[in-house]
Every structure is written in structure tokens, then in C-alpha cells.
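This briefing goes through one protein chain, from its overall dimensions to its strand pairing and two of its tryptophans. Please keep the sequence and the structure in view while reading.

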Amino acid sequence: TYNTTIADIHDITLTGVTSWESSQAEGSDLYTTQIPSNTMYWTNMGAATNPNPTIGSSYTMHKRMGYIARVNYTLMGKYLLSASVRRDGDSVLASDRHWATFPAFSLGWRISDEDFMEFSRGYLNNLKLRVGYGETGAAGLSPYSSWSLLQTGQMALGGKYVGTAYFPQILSNAALTWERSKSWNIGLDLGLFNNRVDLAAEYYITNTDGVIWNQKTPITNGGFDANTSFSINRNIATTRNQGFELTLTTHNVQLPDFTWSSTLTFANNKEKVTSLGDGAGEYVTNGNYTLQVGYPIQSYRKLKFDGIWQLGQEADAAVFGDRPGDVRVAVPNMYKVSDGVWEKRFEDGSTQRYDANNPYAIDANDAQIIGHNSPDWTLGFQNNFTWKWFDLSIYMMWRNGQMFSYEPIGWYNG
């Protein structure tokens, strides 16, 4: 870091940072059966009479390195400029795509230090307006995800074990590159009453290109086994996040032996997929989550249950091949015309009516987005207390608009 002041009004700070991360994991395992005594545990597995024990070992390595150059400039303590550039490299990507560059800058204006704010000196300690732009990258992958690898094993052939080689379930993608997020934000910082009350508000818009998604390959390309398709990590989507964040901190009590402060946080975020790239369909599903244009990344696409068919709804239930007591499914673009008559509108604008003599068959094409794993808004409230050498923190959090997918902890078989 280098700092200098010119003519008492120009303050310049130059900073250079480098970072390096390295992680390695090694493992070994031995599996056998027919151990003579349970008291041996794993300490004498060689005594097992199983003629075909299984021996395995593993090794993974991941490295990441970064360089950062930053300049901070302040004019008369009121006008602020910060600019930086970051160069990151990650070993999980292909060799010619390890490195990427991410610039950022921000501007600030400390309004409270202006002469025309003299009238507020008694209660206003800080009022700052700031705006910024920055790019960040992510490569959330397992090591070797972009490498062309073969897995080895053994199979019985002619009464002997012979070596085999096969593709892993996740295929390599040499074109896989960084997810890149470009963010704009504008914020306001406020300090009142000798900083007993601090308020920070910020609005942001983030556009992300090249969202990495694990996508199943067409079964015409073959399968990993009889039940599992191959999959590949691809940069297939673009997304937009925009929202508002608010943080309010109050220092309620400040005594020599006792302090109490409170912090209230609120965040509202609207996330949606804006594109799935060339050649993509309407949506892409992997496991529980679905990418679909207009909806958040971690969305659930399922049949939407709409209650139970009730007594008195026999005619309507028959349109779907159901009867009272059966689960009712909400079918997209399906509208009731009259008792026992429903009409469905298709994407091409055509319509078709259904009744008990021409019932509608519900299938997987009737699935729709029913929710998402990311909350629409969150609210947090924290209180910190200190008394002499003791401290206590109490934190509460609310989330709204979030859906979870989980397995019941119990089951019932009637």
C-alpha cells in the first residue's frame, strides 16, 4: 500500500493484493466381508476370508490465484473515487480458460461536509451518496469437471477380473468458462446524533452471463448406465437480480459497564432467468430445480395441486377422470366453461373443450413453476448486549416467498 497527500486536498492510496489458495484431499478405503470376529473392527481386515476385497484410493486438488490493483482518491475529504481491477485464475476450468479479468469502480459524495449543510451539524454526522459498478466471477465446480477423463474399474470375464475404462457420468466441457456478473448499485449512508443512529440504503441491478448449469445430454448419445443419463456442465443462461437493501443500526444504551445496540436489516430481491441461450427449449431441469425464462434460478416445476375434489363437484371432476376425494391438479390455461365443461387454450391460440365423454388426461406437460427456493424478501433483527466481560447476542430472521423441497421425516402406509 502506498499513500500520499498533495496540496492538503488530494489524498491518493494505491493498493496491490495477491491471493493464493490451494486445497488437496486424499482418501483410501478397503472393503471386505467375512471377518472372523466383530472385535477386530478394521484393525485386522487381512484375516477376512472374503477372496475379493475391494481397495480404493482418491486424490483431488484445487488451486486458485488472484491479483488485485486498486486506487482510492479523495478530494477535500468530500469527493471519493475508487477503481480496481482483479485478475483471477481457477484450476477447475479448462487450461485456456483459467484466467479472467474483473474491473470495478465507485464514486462517492460526502454531502454532510458541504458548506450548505452547516445548519445540520448539530445532529447530522454523515450523509454520503455513492454509486458503483463492478464485475465478479464464479466457477463453482468440482475439481476436474472440465477435464477429459476416463474412469477405470474391473469386470468378471471368463472367471477372471479384467480392467475396464469408461466415461464418467459428468462429461467434460473444454468450452466451460466463468460465470460473469455485472452489477450497478446506488446507495445512501446516513449517520445521526453522534452516530447513535446509522442508516444504509442501497438499490442494485445485477446481470449474470454464462450461468453454469448441469444439463442432461440426450439419451441418443448413450447413457452412463441403464438408469442414468450422461450430463455436462454448460454456460447456458443469463439472469437478472434487482433489489433493495436497508440496514438500520441504533446504539440504544452506552454506559461504562453496559451497552445495548440493535440492527434491523431488510432485503428485497427479484431474480429471474432472462435467456437460456441458442437452441434451448422453454426450460431446463436438473434434479429438483428448473431454469425457465421469467422465473428465479432455483425454481420448482411440478404438477400444481389445487386441493381435493369435493362432493357436489362430480361433473367437473369427471372432466379429468377423477371423482370426489381425488387430488385436484391445476392445469395451466384450463378454464371452466360450465358445470362439467372445461376449455384449454394452447400456445398456438387454438382451444379444445373437454367433458366426461372426452376427458382431459393430465401428464408431465401440465407441470408449471409452483415456487422457488430463494426468498422474495428477508428481515433480520439483532440485539447485542455487553456487561463487563460478558456479551449476549439475540438474532431473529424472517423469510417470505420461499419454498423448500424435503422428504417427510416419517411415513404412513394405510
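How many bridges join strand β7 to β8, and do the two strands run parallel or antiparallel? Strand β7 (residues 151-157) and β8 are joined by 7 bridges, and they run antiparallel. The model is a predicted one. The protein chain contains 1 helix and 24 strands.

**The chain as a whole**

- The radius of gyration of the protein chain is 30 Å, whereas a compact globule of 414 residues would have a value near 22 Å.
- Along the principal axes, the C-alpha atoms fill a box of roughly 85 × 75 × 50 Å.
- Of the 414 residues in the protein chain, 27% are buried.
- The accessible surface comes to about 26,500 Å², and carbon and sulfur atoms account for 55% of that area.
- If only contacts between residues at least 6 apart in sequence are considered, 59% of them join residues at least 24 apart.
- The protein chain has 31 positive and 39 negative charges, and the mean positions of the two sets are 2 Å apart.

**The β7–β8 hairpin**

- β7 and β8 form a hairpin, with 2 residues between the strands.
- In the turn, G158 has a positive phi of about 65 degrees.
- M155 stands opposite V162 in β8.
- Strand β8 (residues 160-166) has 7 residues, and the number of them that are buried is 0, so the strand lies largely in the open.

**Pairing around β12**

- Strand β12 (residues 231-254) is joined to strand β11 (residues 197-216) by 18 bridges, and the two run antiparallel.
- β12 also pairs with strand β13 (residues 258-275) in the antiparallel sense, over 16 bridges.
- β12 and β13 form a hairpin with 3 residues between them.
- L246 of β12 can be followed to both sides: A201 stands opposite L246, and the bridge partner of L246 in β13 is F266.
- Strand β9 (residues 170-171) is joined to β12 by 2 bridges, and here the strands run parallel.
- In that parallel pairing, I170 stands opposite S231 in β12.

**Tryptophan W20**

- W20 is found in strand β2 (residues 10-31).
- Is W20 buried or exposed? Its relative accessibility is 56%, and because the exposed class begins over 50%, W20 counts as exposed.
- Apart from neighbours within four places in sequence, W20 is in contact with R64 and M65.
- K63 lies 43 residues from W20 along the chain, yet their C-alpha atoms are separated by 7.5 Å.

**Tryptophan W99**

- W99 is placed in strand β5 (residues 99-110).
- The relative accessible area of W99 is 38%, which falls between the 20% and 50% limits, so W99 is partly exposed.
- With residues up to four places away in sequence not counted, W99 touches M65, Y67, R87, D88, G89 and W178.
- M65 is a contact of W99 and also a contact of W20.
- W99 and G122 are 23 residues apart in sequence, and their C-alpha atoms are 51 Å apart in space.

Key: Residues are numbered from 1 along each chain as its sequence is written. This is a predicted model: local features need pLDDT of at least 70, side-chain atom pairs count only at pLDDT 80 or more; totals for chains, interfaces and linings use all residues. Side-chain values use heavy atoms; hydrogens and water are left out. Helices (H or I, at least four residues) and strands (E, at least two) are DSSP runs, numbered from the N terminus. Buried means under 20% relative accessible area, exposed over 50%, partly exposed in between (1.4 Å probe, protein chains only). Contact means heavy atoms within 4.5 Å. The radius of gyration is taken over C-alpha atoms; the globule rule is 2.2 Å times the number of residues to the power 0.38. Accessible areas come from the Shrake-Rupley method with a 1.4 Å probe; for residues, only the protein chains shown count as cover. Lys and Arg count as positive and Asp and Glu as negative; His and the chain ends are not counted. The place of a charge is taken as NZ of Lys, CZ of Arg, CG of Asp or CD of Glu. Two strands pair if DSSP finds at least two bridges between them.
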